[in-house]
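Visitor: Before we look at the details, could you take me through the reasoning behind the terms used for this structure?

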Amino acid sequence: MENVQRAEEARCLIVTSVEAELEAVKRGLGGSERFHILVGGVGQAAAAASTAAALALGRYERVITMGIGGGFQGAADIGTVVVASEIVAADLGAESADGFMLIDELGFGSARMTVDESMSRRIAAALTARGIVAAYAPVLTVSTVTGTADTAAALVARIPGAAAEAMEGYGVAAAAKLMKVPVLEIRGISNAVGPRDRDAWRIKDALQALEAAGAALTGVI
Ligand SMILES: O=C(O)c1cccc(C(=O)CC[C@H]2O[C@@H](n3cnc4c(=O)[nH]cnc43)[C@H](O)[C@@H]2O)c1
């Protein structure tokens, strides 16, 4: 009952994939009741289902998918933040002898989801004002964590300007679109996108960046 009341009062729904991300964002929000945070699970399907259920049960002005993510070389370093300028389902499509085709080319809708641009820009600016390096650039949604330099290069060639990849954004955005609620995506960077090296992931740094993003949100939402 307490949770339902809080959801009704909150203006903004935040969806993370795991508990550690939720805790980091919560620390940053500092107890603000304008936000309702839930753990939606890893991957697009879990994130979409959780988001759709929450949006069906409560009234929200916007939804933000937040968590750690991989940063593309030269675009987003570990410990920095990427605020999505668009959310792109980068591996949703078909392979062909001539290369990869996004679903746009297949005629099944679009792999690109529009974000709440003015709010996203304001959040990136608020982070910069707090001394946090924050890029405003496309964030890719993938079903498989990139593990080779070749795949990283292919993704950047497919979506020029991409700064980060993660696994939930497009799912959350699909649910938000269905419910006609604006969406945003914010990622604290934990690792470089490229050859798999799990020992090199700096989750603590990424969670700190996420906490800073949570704090920045309270100033603009
Ligand atoms: O082990 C931990 O302590 C821990 C704490 C927080 C989060 C995690 C996760 O593994 C979260 C999984 C989540 O991470 C996103 N992610 C991070 N890096 C990448 C990447 O390079 N490519 C794709 N996804 C990435 C993703 O959204 C997962 O849901 C562990």
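Visitor: How do you know what classes of residue make up the shell around the ligand?
Guide: In this predicted model, the shell residues divide into 10 nonpolar, seven polar and three charged. Gly counts as polar and Ala and Met as nonpolar, so Gly-70, one of the closest residues, belongs to the polar class, whereas Ala-20, Ala-166 and Met-167, also among the closest, belong to the nonpolar class.

Visitor: What makes a residue part of that shell, and which elements give two or more?
Guide: A residue counts if its C-beta atom, placed from the backbone, lies within 6 Å of the molecule, and 20 residues surround the ligand. The elements that give two or more of them are α2 (19-29), β3 (62-71), β9 (164-166) and β10 (183-192), with β3 giving the most, four residues.

Visitor: Why is α2 called oblique to α8?
Guide: Their axes come within 7 Å and cross at roughly 40°. Angles under 35 degrees count as roughly parallel and those from 65 to 115 as roughly perpendicular, so a crossing at roughly 40° falls in neither range and α2 is oblique to α8. The crossing is right-handed, and the contact of α2 with α8 has 10 nonpolar, three polar and three charged residues.

Visitor: What makes the contact between α5 and α8, and which classes of residue does it have?
Guide: Helix α5 (residues 117-129) and helix α8 (residues 203-220) pack at an angle of about 120°, with their axes 9 Å apart. Among the contact residues are Met-119 and Ile-123 of α5 and Ala-216 and Leu-217 of α8, and by class the contact has nine nonpolar, one polar and one charged residues.

Definitions and conventions:
Residues numbered from 1 in each chain as written. Predicted model: local features only at pLDDT ≥ 70, side-chain atom pairs only at ≥ 80, totals over all residues. Axes fitted to C-alpha atoms, helices over the stretch in contact; angles between N-to-C directions. Contact = placed C-beta atoms within 7 Å. Parallel < 35°, antiparallel > 145°, perpendicular 65-115°, else oblique. Left-handed = near helix turned anticlockwise from the far one by under 90°.
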